[in-house]
Amino acid sequence: MANYFVAFISAVIISFIMTPPARRLAIKVGALDIPKDSRKIHSKPMPYFGGLAIYIAIMACMFVYMPHTRTNISIMAGATIVVLAGIVDDMYDMPAKVKLLLQIVAAIIAIQGGVRIHFITNPLSDTGISYLLGWLSYPITLFWLVGITNTINLIDGLDGLASGVASIAATTLLFTAANLGHDFIVMQCAIIAGASLGFLPFNFNPAKIFMGDTGALLLGYMLAVTSVLGMVKSVAAVALAVPIFALGLPIFDTAFAIIRRYVNKKPIMQADKEHLHHKLMKFGLNQRQTVLTMYFISMMLGIVAVIIADADPFRGIMLATISVLVVFYFAKKAGLFRKKEQ
């Protein structure tokens, strides 16, 4: 346990120390988020590149505290591609298709390194029968990795929101992995959580720097590969439900955005001001109150994930089903996927 704590503290310190230089670099090269439309919450240019500090912290700690296996090297290589794509996007607004292509390349590198969902388990079977996915494991894993990589980016709309939610998700995965004895995943989660928290003091409202796509895509990618490795290591019948709830806030918010845009006949990739954090602010909450509320929601979903991981299959399925129904009920009440009146 001491090793995990040391890795966590190291990630916090490195991220914290590297954030001010990253801020100065962003200002020097002109990597600034300049508010151009009504979707922007802030009113003045804000430097990007907070993701660089997070990246340095994660890579340094993985190199020092984790074995140099083929899987680890592939994860680090994929993360580097994601970060490079994010840097270019933060500076020059990379076309969405090119950015997606680079995310796919990063995901394929991770898959080739052993990050794959090989099987699914029948949760209703008393014998825990598993079904090998065969060639389907490649597209399924690719979809998960690219999808989760983008979910963190989609909720990165308020000061401290993405970094805080990412640290909560990583901590949730850490606890579930620790209960199952998966030391490799515990270490990786500790590093991700530490790097996120080390950046948070500079990003919490009022923010001095944004993580940009560089950080949001990196954290999404790291949480995606870590959650896949957790599913691979687990033979629990409800293994798939655990990362879904651990990453529940960004996953559900993204799902509601897709549903909302579909029912309103809008392009799926078209940005809007109807995400959960926008709704909470419309209800009268300020930025800090909104972010803290979303932290609380993320923690509640994380607790559900931890309980599911430790429950028997039937109770796990029942809890997961009830939780999803509750989430959709409140999402509907909040108008997260309501059809707008013309």
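**Ile58 and its surroundings**

User: Leaving aside neighbours within four places in sequence, which residues is Ile58 in contact with?

Analyst: Keep in mind that this is a predicted model. Contact here takes heavy atoms within 4.5 Å. Setting aside anything within four places in sequence, the partners of Ile58 are Ile191, Ala195, Leu218, Leu219 and Met222.

User: Which residues have the most contacts inside the largest nonpolar core?

Analyst: That core has 99 residues. Its largest share, twelve residues, comes from helix 7 (residues 183-203). The residues with the most contacts inside the core are Ile58 and Leu145.

User: Is Gln188 buried or exposed?

Analyst: Gln188 sits in helix 7. Leaving aside neighbours within four places in sequence, its contacts include Met62, Asn72, Val225 and Leu229. Its relative accessible area is 1%, and the cut-off is under 20%, so Gln188 counts as buried.

User: How many Å separate the C-alpha atoms of Gln188 and Cys61?

Analyst: Along the chain, these two are 127 residues apart. In space, the gap between their C-alpha atoms is 9.0 Å.

User: What share of contacts between residues at least 6 apart in sequence join residues at least 24 apart?

Analyst: We're looking at the protein chain as a whole now, with its 13 helices and four strands. Take the contacts between residues at least 6 apart, then pick those that join residues at least 24 apart. The share is 75%.

User: Which helices do the buried residues of helix 10 pack against?

Analyst: Helix 10 covers residues 248-263. Its buried residues include Leu249, Ile251, Phe252 and Phe256, and charged names such as Asp253 and Arg260 are on that list too. The packing partners are helix 5, helix 6, helix 9, helix 11, helix 12 and helix 13.

User: How far does helix 10 reach from its first C-alpha to its last?

Analyst: Helix 10 has 16 residues, and at 1.5 Å a residue you'd expect 22 Å. The model comes out close to that expected value. From first C-alpha to last, helix 10 reaches 22 Å.

User: Which residue just after helix 10 takes a positive phi?

Analyst: Look right past the end of helix 10 for a phi of about 55°. The residue there is Lys265.

User: Tyr329 belongs to a nonpolar surface patch, so how big is that patch?

Analyst: Tyr329 is in helix 13 (residues 313-334). With a relative accessible area of 48%, Tyr329 is partly exposed. The patch also takes in Phe314, Met318, Ile322, Val326 and Phe330. Its area is about 640 Å².

User: What percentage of the protein chain's residues count as buried?

Analyst: The chain has 342 residues. Buried means under 20% relative accessible area. The percentage that count as buried is 51%.

Key
Residues numbered from 1 in each chain as written. Predicted model: local features only at pLDDT ≥ 70, side-chain atom pairs only at ≥ 80, totals over all residues. Heavy atoms only, no water. Patch = residues over 30% accessible without salt bridge, like charges linked within 9 Å, V, L, I, M, F, W, Y side chains within 5 Å. Areas by Shrake-Rupley, 256 points an atom, 1.4 Å probe, with all protein chains shown as cover. Salt bridge = Lys/Arg side-chain N within 4 Å of Asp/Glu carboxyl O. Helix = DSSP H or I, 4+ residues; strand = E, 2+ residues; numbered from the N terminus. Buried < 20%, exposed > 50% of the residue type's maximum accessible area, 1.4 Å probe, protein only. Expected span 1.5 Å × (residues − 1). Core = buried A, V, L, I, M, F, W, Y, C linked by side-chain atoms within 4.5 Å.
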